[in-house]
Amino acid sequence: ISAKEHDEPIIENSCVLLKKGYKFAPLKSIRIGTIKLTEEALYFKSRLRESYSFPLKKITGLNVQRNDLFEFYYENTLYQFNFKLANDSAYKWIHAIEIAARH
């Protein structure tokens, strides 16, 4: 991670479904797209060019559900990423974010 350039992705996955929820409301599917992690933030860009940016310092409650669901809270909203490809790991995202946030 420390060998990467400032804006160069540390890890990246495509074909990821982003869901969003608030408090006890059911999660709503937003879009399928690509997720990438840099030293500063987690980014999601949909196939329709919608984009989200999550600065690492503001991410809380990192969690993995059923091995393929990675979720966290950002500004009191729950975001969940569902990895559709069998070889993608939600755990690698948790570990990479924890390491990147320490740098």
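**Exercise 1. The chain as a whole**

Among contacts in the chain between residues at least 6 apart in sequence, what percentage join residues at least 24 apart? Then describe the fold in outline, from its elements to its surface.

*Solution.* Keep in mind that you are looking at a predicted model.

- Step 1: start with the contacts. Of those that join residues at least 6 apart in sequence, 45% bring together residues at least 24 apart.
- Step 2: count the elements. The chain holds seven strands and one helix.
- Step 3: put them in order. Reading from the N terminus, the pattern is β-β-β-β-β-β-β-α.
- Step 4: judge the compactness. The radius of gyration is 13 Å, close to the 13 Å that the globule rule gives for 103 residues, so the chain is as compact as a globular protein of that length.
- Step 5: add the dimensions. The C-alpha trace spans about 40 × 25 × 25 Å along its principal axes.
- Step 6: look at burial and surface. Of the 103 residues, 37% count as buried. The accessible surface is about 6400 Å², and 48% of it belongs to carbon and sulfur atoms.

**Exercise 2. Charges and salt bridges**

Find out how many salt bridges the whole structure has, and place each partner in the chain.

*Solution.*

- Step 1: take the charges together. The chain has 16 positive and 12 negative charges, and their mean positions lie 8 Å apart.
- Step 2: search for pairs. The whole structure yields two salt bridges.
- Step 3: examine one pair. R31 and E50 meet through their side chains, with 2.5 Å from N to O. This pair links distant parts of the chain: R31 sits in strand β2 (residues 28-37), while E50 belongs to the loop between β3 (41-46) and β4 (51-55), 19 residues apart.
- Step 4: check how open these partners are. R31 has a relative accessible area of 36% and is partly exposed. E50, with 29%, is partly exposed.
- Step 5: turn to the pair of K58 and E75. Their closest N and O atoms are 3.8 Å apart, which fits the cut-off of within 4 Å for a salt bridge. Here too distant parts of the chain are linked: K58 is in the loop between β4 and β5 (59-65), and E75 is in the loop between β6 (69-74) and β7 (77-83), 17 residues apart.
- Step 6: check their exposure. K58 is partly exposed at 46% relative accessibility, whereas E75 counts as exposed at 52%. The dividing value is 50%, since exposed means over 50%.

**Exercise 3. Buried or exposed: L18?**

Decide whether L18 is buried or exposed, and list what L18 touches.

*Solution.*

- Step 1: locate the residue. L18 lies in strand β1.
- Step 2: read its accessibility. The value is 0%, and L18 counts as buried because buried means under 20%.
- Step 3: list its partners. Not counting residues up to four places away in sequence, L18 touches K28, S29, I30, R31, F44, Y52, Y79, Q80 and F81. You met R31 in the salt bridge with E50.
- Step 4: compare sequence with space. L18 and F83 are 65 residues apart in sequence, with 9.1 Å between their C-alpha atoms.

**Exercise 4. Two strand residues**

Describe the surroundings of K45 and of G61, leaving aside neighbours within four places in sequence.

*Solution.*

- Step 1: begin with K45. This residue is found in strand β3 and is partly exposed, with a relative accessible area of 43%.
- Step 2: list its contacts. K45 is in contact with G33, T34, E50 and S51.
- Step 3: add a distance. The C-alpha atoms of K45 and I94 are separated by 19 Å, the two being 49 residues apart along the chain.
- Step 4: move to G61. G61 is placed in strand β5 and counts as partly exposed at 48% relative accessibility.
- Step 5: list its contacts too. G61 is in contact with E71 and F72. From G61 to L78, 17 residues along the chain, the C-alpha separation is 9.0 Å.

**Exercise 5. Positive phi**

What is phi of K23, and what is phi of R49?

*Solution.*

- Step 1: K23 has a phi near 55°, a positive value in a residue other than glycine. K23 is in the loop between β1 (11-21) and β2 and is exposed, with a relative accessible area of 63%.
- Step 2: R49 has a positive phi of about 75° although it is not a glycine. R49 lies in the loop between β3 and β4 and is exposed, at 64%.

Terms used:
Residues are numbered from 1 along each chain as its sequence is written. This is a predicted model: local features need pLDDT of at least 70, side-chain atom pairs count only at pLDDT 80 or more; totals for chains, interfaces and linings use all residues. Side-chain values use heavy atoms; hydrogens and water are left out. Helices (H or I, at least four residues) and strands (E, at least two) are DSSP runs, numbered from the N terminus. The radius of gyration is taken over C-alpha atoms; the globule rule is 2.2 Å times the number of residues to the power 0.38. Buried means under 20% relative accessible area, exposed over 50%, partly exposed in between (1.4 Å probe, protein chains only). Contact means heavy atoms within 4.5 Å. Accessible areas come from the Shrake-Rupley method with a 1.4 Å probe; for residues, only the protein chains shown count as cover. Lys and Arg count as positive and Asp and Glu as negative; His and the chain ends are not counted. The place of a charge is taken as NZ of Lys, CZ of Arg, CG of Asp or CD of Glu.
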